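Me: I would like to learn how to read the packing and the contacts of a two-chain model. Can we take one feature at a time?

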Amino acid sequence: MTGFGDYGGRYVPETLIPALDELERGWCDALADDSFRAELHDLLTTYAGRPTPLTLAERFAPGRRIYLKREDLLHTGAHKLNNALGQAVLARRLGKRRIVAETGAGQHGVATATVCARFGLECVVYMGEEDMRRQRPNVERMGLLGAEVRPVGFGTKTLKEATSEAIRDWITNVETTHYLIGSCVGPAPYPEIVAELQSVIGREAREQILAVEERLPEAVVACVGGGSNAIGIFHGFLEDEGVRLVGVEAAGAASLGSGRPAVLHGARSSVLADEDGQIEDAHSISAGLDYPGVGPEHAFLRDTGRAEYLTATDEEALAAFQALARSEGLLPALEPAHALARTRDLDAELILVGLSGRGDKDLAEVLERL
Amino acid sequence: MKTLVIYLMAEPETPELARAAVEGGADIVELGFPFSDPLAEGPVIRRASERALARGMRTGACLDVLARTRELIPETPIVPMTYAAILEAYGYARFAADARDRGATSFILVDLPVEEQPALRRIQLVAPTSTDQRIRAACEATDGWLYLVSVTGTTGARTELSPAVPPLVQRVRAVSDMPMYVGFGISTPELARAAGELADGVVVGSRAVEVAENGPDALRSFVASLRAALDT
């Protein structure tokens with residue numbers, strides 16, 4: 001089984017297996033095709049706003065050198081667009097005219113709605129009703145971009161159920177539809193595709209920090225829900241053995257910190273599950289981290305010791321959110337606020353932090369909690 | 001004689017329901033072991049899974065229901081149908097041994113592709129999207145019969161027989177004499193008859209689960225109506 005050590009695989013109904021085979025072939029063809037890379041590079045620079053800068057957060061962390069990789073400055077306000085653009089180009093190569101996606105915080109839904117508008121593709125986004133409540137601005141943005149947002153009203157009413165419903169839609173419409181998954185989760189080859197499309201973050205950041213500091217960071221820190229921004233930034237430094245890779249999960253959704261091997265959404269990974277394999281509920285103030293699973297490559301990096309995974313509580317994330325706002329004039333999304341929270345007490349002087357998105361979508365939730 | 005397969009969710013009342021189904025004319029009983037995130041299921045079986053889990057139907061309790069069902073219907077094949085997650089947690093070989101010990105005839109794992117866990121003999125599924133190569137692999141690996149997924153979609157009642165069924169039946173027949181039973185969407189005597197004319201039998205799931213909520217008598221007469229349609 002394709003995978004990362006014992007993790008990964010394709011635990012999906014037979015109906016989808018031929019589509020995954022087709023996707024894998026299409027992906028390999030695309031990677032070998034210079035015109036695919038050129039088109040994606042052009043879109044990332046002229047449409048999305050790459051490269052994103054590094055910002056030295058001097059007032060946030062006096063006496064230390066903490067650089068923020070500014071994915072919050074990317075079009076649509078988060079790193080999700082890197083993946084959505086790449087998969088949209090791939091979907092067109094596969095001849096799919098309809099896109100289905102899941103979203104938690106709404107950032108992936110907005111990125112998907114954006115690329116569908118840009119390429120004239122039909123777009124359906126599944127979103128849990130609880131997430132629609134707490135990320136209202138993103139629901140409205142998706143509507144304005146021409147996407148249909150379908151509420152998911154059962155179970156936890158969050159990202160887990162939205163993902164299940166998106167996969168069910170894909171099973172039903174697989175002939176015409178590409179499933180544009182938003183994180184490095186799901187059946188193979190999705191985790192690999194999303195990691196490759198997000199690895200532009202890490203490649204850029206490595207060059208940028210070498211240019212300004214003439215050395216590599218001691219640590220690279222990123223938040224982990226499904227784990228796409230973390231895997232993207234980690235990929236730039238996997239071979240640099242002296243660089244610590246630190247993922248930060250929400251304390252109530254620590255799939256790596258307190259999960260066990262289990263199967264969710266088509267892959268075997270580290271999952272919040274009970275001893276019978278039933279999936280447990282996650283809890284986080286951040287809709288983007290409120291997910292009981294995680295990408296299989298993270299489980300592999302944890303087991304091999306190449307990366308370490310810590311947690312931050314809702315309160316710590318809120319405190320870091322406020323600290324960054326007041327010290328740097330940056331409103332981070334609640335997801336990277338978890339990474340910022342652990343950065344504050346990390347024992348290192350030169351740190352790269354993935355600022356994966358901006359906090360506009362979270363204002364209502366934050367104002368209610370402060 | 002066409003084969004009639006009835007799916008029931010494993011719950012405390014299921015042994016009596018399974019007996020009623022057999023009295024109504026079911027030849028095989030599929031016993032659903034609920035999973036929290038069942039990707040192949042439409043709303044009816046998804047809700048039944050949620051309800052069963054809320055009532056504590058974890059793997060051990062499901063195996064107990066299997067054993068009690070076996071006592072009530074000693075002659076009828078019983079086939080647990082579930083998801084890989086359950087066996088990942090329980091252990092594939094241990095599950096196979098314990099389920100057979102309690103009377104299971106075989107297994108269906110909805111989300112475990114044919115090339116995975118080859119040591120676990122089980123009933124394989126083929127779908128309208130399956131390639132000929134995958135159909136051949138499923139026929140070679142399957143345990144006794146083949147489950148034909150009638151639609152590109154999830155489980156749940158449909159109003160007519162999917163046009164994908166005849167070509168799929170033909171493609172399977174071209175490579176194998178294995179008995180094949182059509183499931184997903186078969187909800188009425190009319191649909192059962194139409195599918196039975198093409199294949200060796202039918203599987204009725206979502207509609208049986210709904211009818212079973214009204215008790216054994218309702219299920220017995222529903223199954224009898226399916227039986228009558230298949231036999232005429």
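Me: Which strands of chain B does helix α3 (residues 59–72) lie across, and at what angle does the helix run to β3(B)?
Reply: This is a predicted model. In chain B, α3 lies across β2 (28–32) and β3 (78–82), and the helix runs at about 155 degrees to β3(B).

Me: What is the strand order of the sheet in chain B, and is the sheet open or closed?
Reply: Begin with the order of the strands, then look for the edges. Chain B has an open sheet of eight strands, in the order β4-β3-β2-β1-β8-β7-β6-β5, and the pairing is parallel. At the edges are β4 (108–109) and β5 of chain B, each of which pairs on one side only.

Me: How many bridges join β6 and β7 of chain B?
Reply: Four bridges join β6 (residues 146–149) to β7 (residues 180–183) in chain B, in the parallel sense. To place the register, take one pair: V149(B) has G183(B) in β7(B) as its bridge partner.

Me: How do I read a helix pair, and at what angle do α1 and α10 of chain B pack?
Reply: Take the angle and the axis distance, then the handedness, then the residues. Helices α1 (residues 14–24) and α10 (residues 216–231) of chain B pack at about 30 degrees, and their axes are 7 Å apart. Angles under 35 degrees count as roughly parallel, and α1(B) and α10(B) are therefore roughly parallel to each other. Their crossing is right-handed.

Me: Which residues meet where α1(B) packs on α10(B)?
Reply: From α1(B) come E16(B), L17(B), A20(B), A21(B), E23(B) and G24(B); they meet P216(B), L219(B), R220(B), S221(B), V223(B), A224(B) and R227(B) of α10(B). The residues of this contact divide into seven nonpolar, two polar and four charged.

Me: What is the strand order in the open sheet of four strands in chain A?
Reply: The order in chain A is β7-β6-β5-β8, with parallel pairing. Strands β7 (148–152) and β8 (177–179) of chain A each have a single partner strand, so one side of each is left without a neighbour in the sheet. From one strand to the next, the twist averages 25 degrees.

Me: Over how many bridges do β5 and β6 of chain A pair, and what lies across the sheet strands?
Reply: In chain A, β5 (residues 98–103) and β6 (residues 122–128) pair in the parallel sense over six bridges. I99(A) stands opposite C123(A) in β6(A). Helix α7 (residues 159–172) of chain A lies across β5, β6, β7 and β8 of that chain, and runs at about 160 degrees to β5(A).

Me: How is chain A divided into domains?
Reply: Check the bounds for segments that are apart in sequence. The domain assignment gives chain A domain 1 (3–42 + 80–190) and domain 2 (49–78 + 199–369). Their centres, taken over C-alpha atoms, are separated by 21 Å.

Me: How many residues of the two domains of chain A are in contact?
Reply: In chain A, 39 residues of domain 1 are in contact with 39 residues of domain 2. Among the elements that each supply at least two residues to the domain 1 side are α3 (80–93), α4 (107–119) and α7 of chain A. That side has 14 nonpolar, 18 polar and seven charged residues.

Me: How many residues of chain B are in contact with chain A, and which element of chain B gives the most?
Reply: 29 residues of chain B are in contact with 27 residues of chain A. On the chain B side, α4 (84–90) and β5 (125–126) give two or more residues; α4(B) gives the most, with five. By class, the chain B side has 15 nonpolar, eight polar and six charged residues.

Key:
Residues numbered from 1 in each chain as written. Chains lettered and ligands numbered in written order. Predicted model: local features only at pLDDT ≥ 70, side-chain atom pairs only at ≥ 80, totals over all residues. Axes fitted to C-alpha atoms, helices over the stretch in contact; angles between N-to-C directions. Parallel < 35°, antiparallel > 145°, perpendicular 65-115°, else oblique. Left-handed = near helix turned anticlockwise from the far one by under 90°. Contact = placed C-beta atoms within 7 Å. Nonpolar A, V, L, I, M, F, W, Y, C, P; charged D, E, K, R; others polar. Pairing = 2+ DSSP bridges. Domains from an automatic or database assignment.
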